[in-house]
Amino acid sequence: MPKKAMSVHEAEKTALEIAREQGVELVDVELVKEPAGQFLRFYIDKPDGITLDELEVFHRRILPLVEDVAYDYMEVSSPGADRPLKTERDFERAEGLEVELKTYRPVNGAKQFKGELIGLRDGMIEICVGGETLSFAKRDVAIVRPLIEFTEEELEEALSEGPQERT
């Protein structure tokens with residue numbers, strides 16, 4: 001009799017335990033169909049950033065435990081500085097930051113807004129745009145993520161320094 005495939009939810013529970021033991025945060029788990037096949041992705045992070053060594057340790061620990069998930073490729077990655085805000089904790093950490101917010105349908109003729117995140121309260125996302133507070137029902141928002149902008153000088157400096165160890 002064939003073994004029952006492990007669900008993504010079960011894989012996430014396993015990953016949460018490994019993340020706790022390793023002292024990192026499990027940010028997200030996804031199983032996504034792409035042209036090359038099914039990708040099982042784990043995103044982990046720490047307040048001061050995650051190292052390649054930490055990504056590798058997590059990968060080695062989780063790999064044998066999720067072999068019953070139906071995937072073709074597995075990745076363990078940092079979510080990046082501009083990761084979408086999903087959880088209440090994400091919104092709390094991003095309060096006061098500049099964000100980009102996109103809605104599913106136009107609001108006052110626009111679907112994209114940039115402003116300072118006030119917060120997520122009672123299912124409403126509030127941002128300040130040009131001194132005005134705008135509120136959006138979370139269910140009407142496609143994505144909210146920190147706005148990362150660099151000056152030309154900052155980009156030149158980063159390129160001249162070469163690759164960094166943290167991701």
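D122 is exposed, its relative accessible area being 82% (exposed means over 50%, buried under 20% and partly exposed in between, with a 1.4 Å probe and protein chains only). This residue sits in the loop between β5 and β6 (124-129), and has a positive phi of about 50° although it is not a glycine. The model is a predicted one, in which local features need pLDDT of at least 70 and side-chain atom pairs count only at pLDDT 80 or more, while totals for chains, interfaces and linings use all residues. Residues are numbered from 1 along each chain as its sequence is written, and side-chain values use heavy atoms, leaving out hydrogens and water.

A second residue to look for is N108, in the loop between β4 (98-107) and β5 (110-121). N108 is not a glycine, yet has a positive phi of about 50°. Its relative accessible area is 80%, so N108 is exposed. For context, most residues other than glycine have a negative phi.

Turning to the interior, the largest nonpolar core has 18 residues (buried Ala, Val, Leu, Ile, Met, Phe, Trp, Tyr and Cys joined through side-chain atoms within 4.5 Å). Those with the most contacts inside this core are L26, F42, I44, F58, I62, V66 and V76. At least two core residues each come from α1 (8-22), β1 (25-34), β2 (37-45), α2 (52-62) and β3 (73-77), with helices (H or I, at least four residues) and strands (E, at least two) taken as DSSP runs numbered from the N terminus. The largest share, 4 residues, is supplied by α1.

Finally, E156 lies in helix α4 (residues 152-161). With a relative accessible area of 48%, E156 is partly exposed.
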